[in-house]
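Reader: I am new to this structure and would be grateful for a close look at a single part of it. Please begin with the terms that such a description requires, and then proceed to the surroundings of that part.

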Amino acid sequence: MSPTAILLISCPDQRGLVAKIANFIYANGGNIIHADQHTDFTTGLFLIRLEWQLDGFNLPRELIAPAFNAIAQPLQAAWHLHFSDKIPRIAIWVSRQEHCLFDLILRQQSQEYVSEIPLIISNHSDLKWVADQFNIDYCHIPITKDNKLEQEAKQLELLQQYKIDLVVLAKYMQIVSSDFINQFPQIINIHHSFLPAFVGANPYHKAYERGVKVIGATAHYVTPELDAGPIIEQDVVRISHRDDVADLIRKGKDLERIVLARAVRSHLQNRVLVYSNRTVVFE
């Protein structure tokens, strides 16, 4: 497929927005292939995702942003421009659980994700064998309360060295500091429940003790407020009285894989628009 440009836009709702934005593309010879929009009447915001072919578009890539900015400023719009042929580079962070790590790597290897995974970072050495199996660099960076700032500085250096665009916390069992997030905000986490239920250690044991009938998983962007970032994807699986803790863990891991996979896919395809600590995920 020929390369495309993608605009994600949010601005105060007003008449004529679709016409003004679409006319920018039409006037420059563009062919829109996807368009999706949403109006949040509570916040008074209009949100839209437009994707068009670059073949035949009159503006070179480097001039699209400044040209559109002339239209966006009077609309008080926040916007992001992406190109489909830019290959995102992902760093996966893990601790000791491998199920989400394997799932992400296999999806990338099978070209379900258009991306590169050049780096895995962990606070343990347990999963180096996975990285070796797929020829991915593995950096073991132990974290304690005494060395956290120093080690996070090393992590930031690695992200810059490897030109990382997105960090995925694939069951990384450490809290990322506010300072780190402020310097590198593109982080997706997978959480083992519908936030904020059953927080802390042994969530499946707590769910089992409560006799729950569904368990869930939540993928969200990481913010300085713990487990309170904008939610990208969620799902549930049914539980019965016949399920024991091992069954809950097995079902929970399956759910974490698919929820994280959906969230990463939506992000990589530039389908997520964040506003007011919420998201619109355009299909």
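Author: A residue is called buried when its relative accessible area is under 20%, exposed when that value is over 50%, and partly exposed in between, using a 1.4 Å probe and protein chains only. The model is predicted, and therefore local features need a pLDDT of at least 70 and side-chain atom pairs count only at pLDDT 80 or more, while totals for chains, interfaces and linings use all residues. Residues are numbered from 1 along each chain as its sequence is written, and side-chain values rest on heavy atoms, without hydrogens or water.

The part chosen is helix H1, residues 17-27. Helices (H or I, at least four residues) and strands (E, at least two) are DSSP runs numbered from the N terminus. Within H1, the residues Leu 17, Ile 21, Phe 24 and Ile 25 are buried. Viewed down the helix axis, these buried residues fall within an arc of 95 degrees, so they line one face of H1; the arc is taken from the directions that run from the helix axis to the C-beta atoms. On the other side of H1, Ala 19, Tyr 26 and Ala 27 are exposed. After the helix comes Gly 29, which has a positive phi near 80 degrees.

What covers the buried residues of H1? The cover includes strands S1 (4-12), S2 (31-40) and S3 (45-53), together with helix H2 (61-72). Contact here means heavy atoms within 4.5 Å.

Leu 75 offers a further view of this region. It is placed in the loop between H2 and strand S4 (78-83), and it counts as buried at 5% relative accessibility. Setting aside residues up to four places away in sequence, Leu 75 touches Cys 11, Pro 12, Gln 14, Leu 17 and Lys 20. Leu 75 and Leu 17 are 58 residues apart along the chain, yet their C-alpha atoms are separated by 8.4 Å.

Strand S2, which belongs to the cover of H1, also takes part in a salt bridge through Asp 40. A salt bridge is a side-chain nitrogen of Lys or Arg within 4 Å of a carboxyl oxygen of Asp or Glu, and by this rule the count comes to 17. Asp 40 pairs with Arg 278, their closest N and O atoms being 3.4 Å apart. Because Asp 40 lies in S2 and Arg 278 in strand S13 (residues 278-281), the pair ties together parts that are 238 residues apart in sequence. Asp 40 is buried, at a relative accessible area of 6%, whereas Arg 278 is partly exposed, at 46%.

Other salt bridges also join separate parts of the chain. One of them is between Lys 171 and Glu 256, with the closest N and O atoms 3.2 Å apart. Lys 171 lies in the loop between strand S8 (166-169) and helix H6 (178-183), and Glu 256 in helix H8 (residues 245-268), 85 residues apart. Both Lys 171 and Glu 256 are buried. In addition, Asp 103, Arg 107, Glu 112 and Arg 265 are joined into one network by salt bridges that share partners.

Finally, the cysteines may be considered. The structure holds 0 disulfides, a disulfide being a pair of cysteine sulfur atoms within 2.5 Å. Cys 100 is buried, with a relative accessible area of 1%, and Cys 139 also counts as buried, at 17%.
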